[in-house]
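User: Hi! I'm new to this one, could you walk me through it?

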Amino acid sequence: MESQDISIKPAATADDLKTAQDLAEVIWHQHYPGIITHKQIRYMLDTGYAAEVLADDISRGVRLCIVCSGKQPIGVLAFGPIGKGCETKLHKLYVLQSFHGQGIGSMLLQHVEDECRRAECTDIHLLVNKHNLKAIRAYERAGLKIRKSCITAIGNGFFMDDFVMGKSLAATG
Ligand SMILES: CC(C)(COP(=O)(O)OP(=O)(O)OC[C@H]1O[C@@H](n2cnc3c(N)ncnc32)[C@H](O)[C@@H]1OP(=O)(O)O)[C@@H](O)C(=O)NCCC(=O)NCCS
């Protein structure tokens with residue numbers, strides 16, 4: 001992968017939010033069948049990616065970014081809050097399947113860590129479905145470790161069956 005082809009741009013406009021929604025729609029249907037049901041995919045997209053939900057995330061300090069290869073949007077990245085002493089959550093890391101296996105996921109995780117270190121955050125953590133082995137491997141390659149299991153009721157009878165993974169920046173910085 002030519003890393004100079006990949007850009008990470010903050011979502012700033014209503015069009016950017018629509019782009020994030022459209023990418024999530026494609027990527028979730030490519031990736032999550034077999035991990036969660038189609039009904040749960042639909043429910044989580046509707047509750048997590050509505051324009052007002054994304055705008056509210058941004059207003060609460062989450063950095064929502066569109067990842068592009070050249071001019072083509074290929075992924076979504078969201079993390080925050082960012083600032084001195086913050087324990088930052090990685091909320092979203094989604095890349096179109098046709099761009100997997102080229103080091104883009106690793107590059108995005110390095111970007112999050114670099115931004116967090118620059119801002120003097122102390123910790124990065126995230127939730128990942130226990131059966132999402134590709135993502136777990138990507139996080140482990142980036143130095144995150146499984147901290148605990150976590151089952152969360154998300155409404156309509158659906159649950160998230162996750163690992164909490166994390167990396168202390170204070171200890172390794
Ligand atoms: C998790 C995710 C972002 C990883 O993205 P990615 O761009 O494929 O990640 P990378 O390319 O850095 O690494 C993937 C594999 O390619 C390999 N790889 C990395 N660079 C490579 C290169 N230049 N050439 C060939 N292979 C390479 C890695 O070793 C890795 O192999 P492994 O999975 O067998 O360990 C991606 O799988 C994804 O978007 N999944 C769907 C959404 C999702 O589950 N997100 C996480 C929610 S918690």
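User: By class, what residues does the shell around the ligand have?
Analyst: The shell has nine nonpolar, eight polar and three charged residues. Here Ala, Val, Leu, Ile, Met, Phe, Trp, Tyr, Cys and Pro count as nonpolar, Asp, Glu, Lys and Arg as charged, and the others, Gly among them, as polar. Do note that this is a predicted model, where local features need pLDDT of at least 70, side-chain atom pairs count only at pLDDT 80 or more, and totals for chains, interfaces and linings use all residues. Residues are numbered from 1 along each chain as its sequence is written, and side-chain values use heavy atoms, with hydrogens and water left out.

User: Which residues come nearest to the ligand?
Analyst: Leu93, Gly103, Gly105, Ser106 and Arg141 do, out of 20 around the ligand. A residue is near if one of its heavy atoms lies within 4 Å.

User: And how far is a polar side-chain atom of arginine 141 from an oxygen atom of the ligand?
Analyst: That distance is 2.7 Å. For arginine 137, a polar side-chain atom lies 3.0 Å from a ligand oxygen. Glutamine 102 has a polar backbone atom 3.1 Å from an oxygen atom of the ligand. A polar contact here is a pair of N or O atoms within 3.5 Å.

User: Which element gives the largest share of the shell?
Analyst: That is α5, with five residues. Helices (H or I, at least four residues) and strands (E, at least two) are DSSP runs, numbered from the N terminus.

Key: Polar contact = N/O pair within 3.5 Å; in protein donor to acceptor, adjacent residues only side chain to side chain.
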